[in-house]
Amino acid sequence: MDKILNALQESYQALVRFLLPEGILDYFELSKIVEGLTGLNIYLEEKNLPPTEYNDQKLESKGFLPEVYIQDFPIRNQKVTLCIKRRRWEVKATGGIISRDWNLVQQGTRMTKEFADFLKAMY
């Protein structure tokens, strides 16, 4: 039974990776998918993986920034909206609030420049 569940999970992950912008699942988790009259809403939440430029500092997750809605390419003639929640962290030493710098992410990962530019433009 576990083998079947693992195979299904792997197939599911492969399909999701194929449908979403390249590299997005490195930083975001799929939280839910809602099919409505206007199309498909795909909800993504940023993983609690602090930015690497703050590795030497103690950070605490402080929830999410307001959700942002992005029109993506249609799937099977269905309008697709990515509903993205970006995480924010508190730098314990200073009390400052930070979020991921998408300029650095785009340079250091497989994430498409187009998607990284879009995320940078949101804030």
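**Exercise 1. Charges over rings**

Task: In this predicted model, find which ring the charged end of Lys32 sits over, and how far from the ring centre. Then find the ring whose face Lys85 lies over.

Solution: Start at Lys32. Its charged end sits over the ring of Tyr43, 4.7 Å from the centre. Now go to Lys85, which lies over the face of Phe64 at 4.9 Å from the ring centre. If you then hunt for ring-on-ring partners, a search of the whole structure turns up 0 aromatic pairs.

**Exercise 2. Following strand 2**

Task: Work out which way strand 2 runs relative to strand 1 and relative to strand 5, and how many of the residues of strand 2 are buried.

Solution: Take strand 1 to begin with; this strand covers residues 28–36. Strand 1 and strand 2 run antiparallel and are joined by 8 bridges. One place to check the register is Leu30, which stands opposite Leu44 in strand 2. The two strands form a hairpin, with 2 residues between them.

Next, look from strand 2 to strand 5. Here the strands run parallel, with 6 bridges joining them. For a register check on this side, use Leu40: Val80 of strand 5 stands opposite.

Last, the burial. Strand 2 spans residues 39–46, and 6 of its 8 residues are buried, leaving the strand mostly covered. As for what holds such pairings together, strands in a sheet pair through backbone hydrogen bonds, in parallel or antiparallel fashion.

**Exercise 3. A three-stranded sheet**

Task: Give the strand order of the open sheet of 3 strands, and name its edge strands.

Solution: The order reads 3-6-7, and the pairing is antiparallel. Strand 3 (59–64) and strand 7 (97–98) each pair on one side only, and that makes them the edge strands. Zoom in on strand 3 and strand 6 (residues 87–91): they run antiparallel and 4 bridges join them. Among the partners there, Ser61 has Trp89 of strand 6 as its bridge partner.

**Exercise 4. Positive phi in a loop**

Task: Two neighbours in the loop between strand 4 and strand 5 deserve a look, Arg76 and Asn77. What are the phi values of Arg76 and Asn77, and are these residues buried or exposed?

Solution: Begin with the backbone. Arg76 is not a glycine, yet its phi is positive, at about 50°. Asn77, also a residue other than glycine, has a positive phi near 65°. Now place them: the loop sits between strand 4 (68–75) and strand 5 (78–85). For accessibility, the cut-off for exposed is over 50%. Arg76 has 80% relative accessibility, so it counts as exposed. Asn77 has a relative accessible area of 78%, so it is exposed too.

**Exercise 5. Two arginines and Glu46**

Task: Which side chain of opposite charge is nearest to buried Arg86, and what does the side chain of Arg100 contact?

Solution: Arg86 is in the loop between strand 5 and strand 6. Its nearest side chain of opposite charge is Glu46, 4.5 Å away. A salt bridge has to be within 4 Å, so that distance doesn't qualify, and Arg86 is buried with no salt bridge. Its side chain does reach the backbone oxygen of Arg100, at 3.3 Å.

Then move to Arg100, in the loop between strand 7 and helix 2 (102–108). With 7% relative accessibility, Arg100 counts as buried. The side chains of Arg100 and Glu46 are joined by a polar contact of 2.8 Å.

Note on methods. Residues are numbered from 1 along each chain as its sequence is written. This is a predicted model: local features need pLDDT of at least 70, side-chain atom pairs count only at pLDDT 80 or more; totals for chains, interfaces and linings use all residues. Side-chain values use heavy atoms; hydrogens and water are left out. Buried means under 20% relative accessible area, exposed over 50%, partly exposed in between (1.4 Å probe, protein chains only). Two strands pair if DSSP finds at least two bridges between them. Lys and Arg count as positive and Asp and Glu as negative; His and the chain ends are not counted. A polar contact is a pair of N or O atoms within 3.5 Å; within protein, one must be able to donate a hydrogen and the other to accept it, and residues adjacent in sequence count only if both atoms are side-chain atoms. Rings of Phe, Tyr and Trp (its six-membered ring) pair if their centres lie within 6.5 Å; planes under 30 degrees apart count as stacked, over 60 as edge-to-face and the rest as tilted. A charge sits over a ring if NZ of Lys or CZ of Arg is within 6 Å of the ring centre and within 35 degrees of the ring normal.
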